[in-house]
Amino acid sequence: RAFAAPVGASLLAHHRNPAARSHPSAPHPTASRPMPPQKAASACPRCKFFCRDTLLEDEQDLRARDEEEQARRELSLAHGGWVCDFAPPRVPPSVAKRVQEFVQLRPAVLHSDELIDKKDARQVELLLTELIAHNTPVQVVFLQGAVPLQTKPWLFAALCDLLRKCPVWSINLGELRFSEEQCVRLGATLAASGVTHMFYECTVAGRWKDEFRGIIRRNREKHS
């Protein structure tokens, strides 16, 4: 009586499976079926732990996700924190609105201190990003005192992009102290731009004073 249940179960399987009935010693049809390989769990890029449900992603998926996150971040930055989780909390909506209005009006002169707080790196980033993204035809740019340009490498790179991509012919970079490396990059950028007037304090420029002056003079010949 103790073995009645297993025997009954085996007889039921025997009658339901003709293959097993003709070959009693044959294994169960699903016994030899190879199981699909399971992906190994990897450290979650968010929490840095081995999550139970986190699977290993290939490099292409990771790259696509990073590109999507970067696009969402730029969208959020452009709207002053109104979109997505990447919203920069220190960019007030009023600042973002002023920047958007400036870009839409497409004026020739930019007084940055009328739009943003020049000491706030996120606001400087917002302004430069929008100007470059919309290829704003700004010609005269006042960025004096925008200290994040000298302390944040990505903002200095954005400044160089602005000078190369927008039709700027006059720029004010007073009250800034660029490093030797930054002066090298700025000189190369000026040579590739159409800037014909630049204010950069001579006491800060040091030996770059004559170098910048020569580049600016050569640029004026491009317009003659």
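A crossing is left-handed if the near helix is turned anticlockwise from the far one by less than a right angle, and right-handed if clockwise. H5 passes H7 in just such a left-handed way, and the crossing of H8 and H10 is left-handed too.

This is a predicted model, where local features need pLDDT of at least 70, side-chain atom pairs count only at pLDDT 80 or more, and totals for chains, interfaces and linings use all residues. Residues are numbered from 1 along each chain as its sequence is written, and side-chain values use heavy atoms, with hydrogens and water left out.

Helices here are DSSP runs (H or I, at least four residues), numbered from the N terminus. Axes are lines fitted to C-alpha atoms over the stretch in contact, with angles from 0 to 180 degrees between N-to-C directions.

| Pair | Angle | Axes |
|---|---|---|
| H8 (residues 180-191) and H10 (residues 208-222) | about 15° | 9 Å apart |
| H5 and H7 | roughly 25° | within 10 Å |

The angle of H5 to H7 makes that pair roughly parallel (angles under 35 degrees). In contact terms (heavy atoms within 4.5 Å), Ala121, Val124, Glu125, Leu128, Leu131 and Ile132 in H5 meet Trp154, Leu155, Ala158, Leu159, Asp161, Leu162 and Lys165 in H7.

Now for the core, a set of buried Ala, Val, Leu, Ile, Met, Phe, Trp, Tyr and Cys residues joined through side-chain atoms within 4.5 Å; buried means under 20% relative accessible area (1.4 Å probe, protein chains only). The largest one has 43 residues, of which Leu149, Leu159, Ile171, Leu173 and Phe178 touch the most other members. H4 (93-105), H5 (121-133), H7 (153-165), H8 and H10 each chip in at least two residues.

Conventions. Buried < 20%, exposed > 50% of the residue type's maximum accessible area, 1.4 Å probe, protein only. Parallel < 35°, antiparallel > 145°, perpendicular 65-115°, else oblique.
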